[in-house]
Amino acid sequence: VLEEKFKTAKVGDLVSLVDCDSEMPRDTHKGWWCHTQVLSHAEAAGDARITLVATTRKLIDRCAIAAAHGCVISADGGHKFCLMGWPMTIIGVNNRAGNFGVVALCLSSSSGTEHVTHMIQGFKAAVVRHHPDFKGFEFSMSDSEDCYRSGLSETFGSEPLQCWFHTKQACKKYIEAHCIGAKQERLEMWNTISHDMDVIHNSTKQADWEQRVKAMMLKWRSAKIDEKTLWHNKKGDAYNFVDYFEAQHVTQRPEWWVRRHDDNQVAITTNNGAESCVKQTRNDGGNVVGAVGPVLKFMLLQVENESSACWEASALREPTRAQWHKADAFQRLIGTSKVQSVPKMGGGHWYVTSARATGDDIASRPPVTVRAAKAAAKVMDCLAGGDPITVEQLKVFDETRVFTQSWCSCLAFAPTGFCHHRLGAMMRAGCELDTPELGVTLEQGTECYVVEEAKNAKGSLRSRIVCYTANGSP
């Protein structure tokens, strides 16, 4: 009988199959259908509408805990699961360490925005039933597909984040498809645009981002990139990369620049966690396209497996030991001619240093003149205030690095929120209190990093320790 139901195409039998697992089991790791809607052709006034959401009580708890810890809700889907061509959607959460955890697997008979939104709302209703205080998420992450972007944002009241990887990938494909010239010319054009997008990406606030975008688009038009990527469709309508970038990535999908949770953590910038999970789920299913029945059985087993996986909502992205060693070497340069300190508009200081001459030696960098440091600090003050900026002024980031204890202009900072410039500034602030007479009491659980070890004349081992507490203080 079970085998027959697995092969059936009748809506009534599908309802019977789903009803078997529609009640929440006592076992918190047991898979069940937290939301189902199976409408026949007559009931749906058109094509039959199927909506199924599989989860476990453990995964519902994971979702609620993740929201309380400021994690990011995310979703992505794939079509190569079911013979009916129905897309399978994976909903999950990203913690601040960038780790992705599944909270639900969904199957729907279409990928329409209204349908997918209804499906995600069904999952949220299940979370609210068990966690009445659940409100939603501050941020949601997806690629450009409107069904996931709108579905997550409307359901959880979240601010959408656009995947940085997919934004760059889309721009690269546009250049490769429409740039006039040889392969080498297309590559050179993309390298230039990619670098400019990196500069835009590492903005400090909305006003800063807007000024960088305006400057770069003016640069692209001056370099005639719009003419070099000009093409026409069958109707004769003209298109080019600069207009495409403005419409798609400035007006419609502008949320790909770095967003901040607080002074010490950056919001996740990529949806690759959900996308990779779709691929891994397909591998777990044997990379075969199955009938509806086996797919439903697989979904329940899959959420049970995910329910047993280790995932911590409170995990933070921590600097590596190598980064701490680099930061320790770099902080010794602060106060010398290689790292200048310039007063910041509104209080505080900008630190300005030059780019490294070699990749390995942290100290191998030319001195920074006071004039160059003030010019770099002036650019940052203009950007922070949302004042107009020119491409020539933005070139300051090619030769210098401007940083504080919470932000840095270098490209290494954007993906993780850490670089040796920022960490060096944090350590320097801590070193000002570093005296032999100072007694420090550490609470249990404080993360400690050994940055230097040496033996004195008596053979006693002395270690220099940096403590990085939960609020980001060294």
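This section describes the sheets, helix packing and selected contacts of a predicted model.

The protein chain has 474 residues, and 47% of them count as buried. Its secondary structure comes to 19 helices and 14 strands. Among contacts between residues at least 6 apart in sequence, 63% join residues at least 24 apart.

An open sheet of seven strands is present, in the order E1-E2-E5-E4-E3-E6-E7. Its pairing is mixed. Strand E1 (32-39) and strand E7 (159-162) stand at the edges. Each has a single partner strand, so one side of E1 and one side of E7 are left without a neighbour in the sheet. On average, neighbouring strands of this sheet are turned by 20° against each other, direction ignored. At one end of the order, E1 pairs with strand E2 (residues 49-55). The pairing is antiparallel and spans seven bridges. Within it, Leu39 stands opposite Arg49 in E2.

Helix H6 lies across four strands of the model: strand E3 (72-78), strand E4 (88-94), strand E6 (139-142) and E7. It runs at about 145° to E3.

H6 (residues 146-156) also packs on helix H5 (residues 113-130). The axes of H5 and H6 are 8 Å apart, and the angle between the helices is about 40°. This angle lies outside the range under 35 degrees that counts as roughly parallel, so H5 and H6 are oblique to each other. Their crossing is right-handed. On the H5 side, the contact is made by Thr113, Val116, Thr117, Ile120, Gln121, Phe123 and Lys124. H6 contributes Asp146, Cys147, Tyr148, Ser150, Gly151, Leu152, Glu154, Thr155 and Phe156. By class, this contact has seven nonpolar, six polar and three charged residues.

H5 has a further helix contact, with helix H4 (residues 57-68). The axes of H4 and H5 come within 10 Å and cross at roughly 90°. The two helices are therefore roughly perpendicular to each other. Arg57, Ile60, Cys63 and Ala64 in H4 meet Phe123, Ala126, Val127 and His130 in H5. The residues of this contact divide into six nonpolar, one polar and one charged. Phe123 of H5 takes part in the contact with H4 and also in the contact with H6.

Helix H7 (residues 164-178) and helix H8 (residues 183-201) form another packed pair. Their axes come within 10 Å and cross at roughly 155°. That angle makes H7 roughly antiparallel to H8. The crossing of H7 and H8 is right-handed. H7 makes the contact through Trp164, Thr167, Lys168, Cys171, Lys172, Ile175 and Glu176. H8 does so through Arg186, Met189, Trp190, Ile193, Ser194, Met197, Asp198 and His201. The classes in the contact of H7 with H8 are seven nonpolar, three polar and five charged.

An open sheet of three strands has the order E10-E11-E12. Its pairing is antiparallel. Strand E10 (339-343) and E12 stand at the edges. Each has a single partner strand, so one side of E10 and one side of E12 are left without a neighbour in the sheet. Neighbouring strands of this sheet are turned by 25° against each other on average, direction ignored. Strand E11 (residues 349-354) is joined to E12 by four bridges, and the two strands run antiparallel. Across this pair, Tyr351 stands opposite Phe403 in E12.

Side chains of strand E12 (residues 400-403) point in two directions. Thr400 and Val402 point one way, and Arg401 and Phe403 point the other way. All of these residues are buried, Arg401 included. Helix H15 (residues 370-385) lies across E10, E11 and E12. It runs at about 50° to E10.

Beyond E12, Ala412 is placed in the loop between E12 and helix H18 (413-416). Leaving aside its neighbours within four places in sequence, Ala412 is in contact with Phe418 and Cys419. Ala412 and Asn202 are 210 residues apart in sequence, and their C-alpha atoms are 9.9 Å apart in space.

Terms used: Residues are numbered from 1 along each chain as its sequence is written. This is a predicted model: local features need pLDDT of at least 70, side-chain atom pairs count only at pLDDT 80 or more; totals for chains, interfaces and linings use all residues. Side-chain values use heavy atoms; hydrogens and water are left out. Axes are lines fitted to C-alpha atoms, for helices over the stretch in contact, and angles run from 0 to 180 degrees between N-to-C directions. Angles under 35 degrees count as roughly parallel, over 145 as roughly antiparallel, 65 to 115 as roughly perpendicular and the rest as oblique. A crossing is left-handed if the near helix is turned anticlockwise from the far one by less than a right angle, and right-handed if clockwise. Contact means heavy atoms within 4.5 Å. Ala, Val, Leu, Ile, Met, Phe, Trp, Tyr, Cys and Pro count as nonpolar, Asp, Glu, Lys and Arg as charged, and the others, Gly among them, as polar. Buried means under 20% relative accessible area, exposed over 50%, partly exposed in between (1.4 Å probe, protein chains only). Two strands pair if DSSP finds at least two bridges between them.
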